[in-house]
Each structure stands twice: as structure tokens, then as C-alpha cells.
There are 2 protein chains.
Amino acid sequence: MKDQPWWYGRLKESGARLTEPREIVLEILRSAREHLTATDIYIQAHRMKPSIGLTTVYRTLELLIKLGIVQKFELGEGKARFELVDKPGGEGHHHLVCLKCRKIIDYSDISNDEKEFLSRVEDRLKKKYDFKILDHLMWFYGVCRECRGS
Amino acid sequence: MKDQPWWYGRLKESGARLTEPREIVLEILRSAREHLTATDIYIQAHRMKPSIGLTTVYRTLELLIKLGIVQKFELGEGKARFELVDKPGGEGHHHLVCLKCRKIIDYSDISNDEKEFLSRVEDRLKKKYDFKILDHLMWFYGVCRECRGS
DNA sequence: ACTCAAATGACAATGATTTTCATTTTTAAT
DNA sequence: ATTAAAAATGAAAATCATTGTCATTTGAGT
Ligand SMILES: [Mn+2]
Ligand SMILES: [Mn+2]
Ligand SMILES: [Zn+2]
Ligand SMILES: [Zn+2]
């Protein structure tokens with residue numbers, strides 16, 4: 001009884017039901033290798049169970065975001081993208097965005113270096129702005145190898 | 001002949017004309033203390049010159065973004081916000097977002113510490129992903145003093 | 001089986017952003 | 001100063017992601 005994904009408990013505690021549409025959305029997110037839009041998810045979900053509506057996809061994502069299970073970001077494309085949050089206590093990951101082709105790479109080799117640095121920054125912010133930092137995001141922008149030519 | 005703002009040359013080089021609507025949008029951004037939406041800018045612009053249309057505001061922002069003079073971000077509000085990019089070679093700044101009230105604080109006391117750290121990370125990313133990093137963004141999320149109660 | 005809140009899906013509504021197109025403004029050349 | 005071509009503009013319509021409405025279905029607990 002220990003092969004539940006990490007977010008299972010969080011969903012249960014919240015009182016929300018783990019319905020089939022929700023399971024399907026979660027499964028799609030789990031197996032996704034890219035950062036999906038709501039419509040991407042809807043299309044895949046619809047294949048698995050044609051009765052699912054786009055509205056439900058949106059509502060499910062909203063719920064999962066509120067529970068801290070899913071993360072949403074917008075890159076100026078006019079639509080949001082979603083991904084499963086990394087398991088708490090794990091490393092976390094950041095993103096590299098190619099400014100030419102808009103490709104996104106997940107970057108997860110967080111060094112100790114980085115962890116120490118971030119906790120120092122968070123201390124500083126706490127003192128200076130009296131802000132309690134809960135999370136952070138780092139995005140790196142550049143040009144990928146393909147877009148620079150060989 | 002040296003009191004032109006830093007972006008003046010960039011605009012000229014690009015061949016774009018510095019028209020009155022563009023000057024107005026730039027002046028609004030320069031004097032803004034918050035991160036404005038396109039409509040915010042339009043309302044202010046309209047006060048200064050009622051003939052200006054919202055479409056032109058959008059087109060101007062698009063141009064300025066392409067030239068690297070303006071930065072756009074979206075925080076899940078369903079609309080984008082804009083700000084003038086920091087003068088190149090300057091310190092740059094990051095953002096603190098309060099998850100409760102959505103207030104945004106500009107954080108610009110970048111330490112040497114941080115500069116060194118980031119250049120190390122960029123080296124690492126360059127080696128590992130063959131990505132040429134041009135820029136980065138850091139966002140910190142937390143809860144501000146007011147929203148935690150005194 | 002029964003109850004009732006929670007969840008769902010079809011559809012309409014909203015609202016930010018983009019497109020279209022006719023008109024005006026700017027620039028460079030005559 | 002005229003003129004011609006290109007760039008910029010504004011009003012209005014179109015697009016499209018996201019949200020709201022409401023009638024219906026589902027599920028956990030009795
Ligand atoms: Mn990711
Ligand atoms: Mn800022
Ligand atoms: Zn690329
Ligand atoms: Zn707050």
C-alpha cells in the first residue's frame with residue numbers, strides 16, 4: 001500500500017474525489033514529456049474517454065493547481081501550459097527556453113551550490129521585505145544548438 | 001547630445017520611427033511604478049492624446065518587445081503585464097509575488113554573490129545542453145507581511 | 001435502494017489579443 | 001514644394017483561450 005503517487009494523499013485530504021476524468025488528466029500529465037496546454041490535454045483525454053469535456057479539463061487543472069499538484073505557466077503564447085509539480089522534497093527543476101524555436105528544456109541538476117545560494121537569497125528577501133518565500137522559479141533564455149546552426 | 005534614454009539608439013538602428021504614440025507609450029512605461037497591462041497603458045495614453053487606439057498600444061508593445069526594450073509577463077491573470085527592460089549592463093531586477101494579494105515587488109539588490117552564482121550556472125548549462133544563455137528570470141513566490149497579518 | 005453534495009458536460013458569455021483594411025503620416029526622392 | 005512609396009495608425013471585426021451557467025449525472029455514505 002505504498003505505490004500511490006505522491007499527490008494521492010493531498011487529493012484525498014482535500015476532500016476532492018478522484019474521479020475518472022481527474023485520473024485521466026493526472027495520467028496524461030504524468031506521462032507527458034512536454035509542457036501541455038489545456039487543449040493538448042483535452043485532446044488526449046478525449047481519445048481515452050470521449051465524453052470528457054474541455055470545461056472539465058480546465059476545472060481539474062484549477063483544482064490541481066490549488067492543491068499544489070500542478071503548476072501553470074504562460075510564456076507569452078496566449079495560452080497557458082501545465083506540468084506536474086516535482087515530488088516535494090525532491091530536487092525540483094528549472095527551464096531553458098530557446099528564444100528562436102520556443103523549445104523548452106527541463107533542467108534538473110540542481111547543485112548544492114544552487115541550493116545554498118537560493119536559501120541565502122531567501123533569507124535576504126525575508127529580512128529586507130518581510131516576505132515569507134515559499135517557492136521560486138528560474139527561467140533561462142537563450143538559443144539552442146539547432147537554432148544556432150551546427 | 002547624450003541625454004537620450006538607453007533604448008533610443010536601439011529604436012533608431014532598427015529603422016522604426018519614433019512616432020508620437022510610441023513616445024507616449026514609452027513615457028508611460030518609464031514613469032510607471034507598477035507593472036502595467038496593455039489596457040492600463042491605453043487608458044493613460046488616451047488621456048494624453050485621445051486619438052490613440054488600443055490596437056496601436058498593442059502594436060507598439062510588440063515592437064518594443066522585439067527590440068528588447070520591453071519585457072512582457074503573465075501571472076495567470078488572463079492578461080499580460082509589461083515593463084521597461086533594465087538598462088543593459090546595469091544590475092537587472094527580479095520579482096517577489098505575493099500569492100495572496102498578487103502584489104509584485106521589484107527586487108534589485110543583486111549581490112556579487114548572485115552574479116557569480118548565475119554565471120557559474122550559465123557555464124554549466126552551456127556545457128551540458130549546448131545552450132547559449134542570453135538572459136534569465138527569477139521569480140520568488142511567498143506571502144507578504146500584510147497578508148500574513150501583523 | 002436513497003440522499004445530497006460534488007462533479008460533469010454542453011453551451012453561452014467574456015475578454016484579451018490579433019487581423020483586416022481604409023486612411024493618415026513620415027521619409028526620401030524629384 | 002510635389003510626389004511617390006513605405007510605415008504607421010485607428011476603427012471595427014474576428015479569433016480564441018478561459019470562465020460562467022445550468023441541467024444532469026455520479027459517488028460516498030447511509
Ligand atoms: Mn518543466
Ligand atoms: Mn519589475
Ligand atoms: Zn531553438
Ligand atoms: Zn499580499
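Domain bounds here come from an automatic or database domain assignment. In this predicted model, that assignment splits chain A into domain 1 (1–85) and domain 2 (86–150). Taken over C-alpha atoms, the centres of domain 1 of chain A and domain 2 of chain A are 23 Å apart. Nine residues from domain 1 of chain A and 10 residues from domain 2 of chain A make up the contact.

**Between the two domains of chain A**

Let's look at this interface a little more closely. The size of an interface is often given as the accessible area lost when the parts come together. For domain 1 of chain A and domain 2 of chain A, the buried area is about 870 Å², with 64% of it on carbon and sulfur atoms. Three residues are good ones to pick out on screen: A:Trp6, A:His35 and A:Leu75 supply 51% of the area that domain 1 of chain A buries against domain 2 of chain A, more than any other three residues.

As for polar links, the rule finds zero salt bridges across the interface of domain 1 of chain A and domain 2 of chain A, while four residue pairs are in polar contact between these domains. On the side of domain 1 of chain A that touches domain 2 of chain A, the elements giving two or more residues are β2 (70–74) and β3 (80–84) of chain A. By class, that side of domain 1 of chain A holds five nonpolar, two polar and two charged residues.

**Around DNA strand C**

Now to the nucleic acid. There are 20 residues around DNA strand C, and those that come nearest are A:Thr19, A:Thr56, A:Arg59, B:Tyr58 and B:Ala80. Of the atoms of DNA strand C that come within 4 Å of the protein, 65% belong to sugar and phosphate.

The table lists individual atom pairs between protein and DNA strand C.

| Residue | Protein atom | Atom of DNA strand C | Distance |
|---|---|---|---|
| A:Ser51 | backbone N or O | phosphate oxygen | 3.0 Å |
| A:Arg59 | polar side-chain atom | base nitrogen | 2.4 Å |
| B:Arg17 | side-chain N or O | base oxygen | 3.5 Å |

Which elements give two or more residues to the surface near DNA strand C? They are α2 (20–31) and α4 (54–66) of chain A, together with α4 (54–66) of chain B. The largest share of that surface, four residues, comes from α4(B). Sorted by class, the surface near DNA strand C has seven nonpolar, seven polar and six charged residues.

Note on methods: Residues numbered from 1 in each chain as written. Chains lettered and ligands numbered in written order. Predicted model: local features only at pLDDT ≥ 70, side-chain atom pairs only at ≥ 80, totals over all residues. Heavy atoms only, no water. Contact = heavy atoms within 4.5 Å. Buried area = accessible area lost by both parts, 1.4 Å probe. Salt bridge = Lys/Arg side-chain N within 4 Å of Asp/Glu carboxyl O. Polar contact = N/O pair within 3.5 Å; in protein donor to acceptor, adjacent residues only side chain to side chain. Nonpolar A, V, L, I, M, F, W, Y, C, P; charged D, E, K, R; others polar. Near = heavy atom within 4 Å.
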